[in-house]
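Please work through the exercises below with the sequence and the structure side by side, trying each task before reading its solution.

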Amino acid sequence: MSGDQLSDDSASLFQRLPWSEDECKEAISLMKHSADEDIVKNKMKLTFDYRRNMILDPQQSCNILFEFPRFKDVKGLGRRKPGKVSASQAEKHLVVFKKSGTSIQEHLDAITTSSQPYLLAVGARKNAVHQFFIVLNKNAIPCRSTSCLGAFDELFKAHFVFGTSYNPMLRNMYTFIQTTVYNIDVGKVKESPRVAEVRVRLLH
């Protein structure tokens, strides 16, 4: 997807922000071309609401790392503690991309260890996925949805349907989604202090 196309598709997101479209675009552009941690962290704060709108938009959620590539290489966003996985590392545990025409069975046969469910995305390109599968116990379960957000919704619910635990690498993220988005077992499930803090800030 070209920059112009992405910009056009994102136009509606700017309408829901408290600052001007030009200010937000300037901040996003600056972060794409700057590796200065202080500048990036400052602009990340400025664009928090925009990123949240992107995540909640089925057509934009897949482009979050394209719009904000510094998540992959600037240390300290969210003050990640030693031993915690980065956004790019977490992505590998959440979704695996395969080009159209790739044998799904070969992918399943290559799995050597048991793991928690994840998404297998199939398409011509990462931003042109036409089918998602939930991979669990060397089985590929087709998702009904063809959107990133819809497929993730099915993946999340699969944990409850099949009674499987969250991937340790993604536990905080899943717990946040569970309590904040789906309002499941709030106050009962164990949350990290950071997850609890973010949830409270978003809801109050």
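**Exercise 1.** Which residue follows α10, and what is the sign of its phi?

Solution. The model is a predicted one, and in it α10 is followed by N183, whose phi is positive, near 55°. Stepping back into the helix itself, which spans residues 171-181, one finds that its buried residues are Y174, T175, F176, I177, Q178, T179 and T180.

**Exercise 2.** Determine the strand order of the open sheet, and explain why β1 and β4 each have one side without a neighbour.

Solution. Begin with the order, which is β1-β2-β3-β4, four strands in an open sheet whose pairing is mixed. Because β1 (95-99) and β4 (139-142) stand at the edges and each has a single partner strand, one side of each is left without a neighbour in the sheet. From one strand to the next, the twist averages 30°. Next, take the pair β3 and β4: β3, residues 129-136, runs antiparallel to β4 over four bridges, and I134 stands opposite I141 in β4. Finally, add helix α9 (residues 148-161), which packs on the sheet by touching β2 (118-123) and β3, its direction making about 10° with that of β3.

**Exercise 3.** Describe how α3 and α4 pack, and by which residues.

Solution. First consider the geometry: α3 (residues 21-32) and α4 (residues 37-46) pack at an angle of about 150° with their axes 10 Å apart, and α3 passes α4 in a left-handed crossing. Then list the contact, to which α3 gives E23, A27, L30 and M31, while α4 gives I39, V40, K43, M44 and L46. Sorted by class, this contact has seven nonpolar, no polar and two charged residues.

Definitions and conventions
Residues are numbered from 1 along each chain as its sequence is written. This is a predicted model: local features need pLDDT of at least 70, side-chain atom pairs count only at pLDDT 80 or more; totals for chains, interfaces and linings use all residues. Side-chain values use heavy atoms; hydrogens and water are left out. Buried means under 20% relative accessible area, exposed over 50%, partly exposed in between (1.4 Å probe, protein chains only). Helices (H or I, at least four residues) and strands (E, at least two) are DSSP runs, numbered from the N terminus. Two strands pair if DSSP finds at least two bridges between them. Axes are lines fitted to C-alpha atoms, for helices over the stretch in contact, and angles run from 0 to 180 degrees between N-to-C directions. Contact means heavy atoms within 4.5 Å. A crossing is left-handed if the near helix is turned anticlockwise from the far one by less than a right angle, and right-handed if clockwise. Ala, Val, Leu, Ile, Met, Phe, Trp, Tyr, Cys and Pro count as nonpolar, Asp, Glu, Lys and Arg as charged, and the others, Gly among them, as polar.
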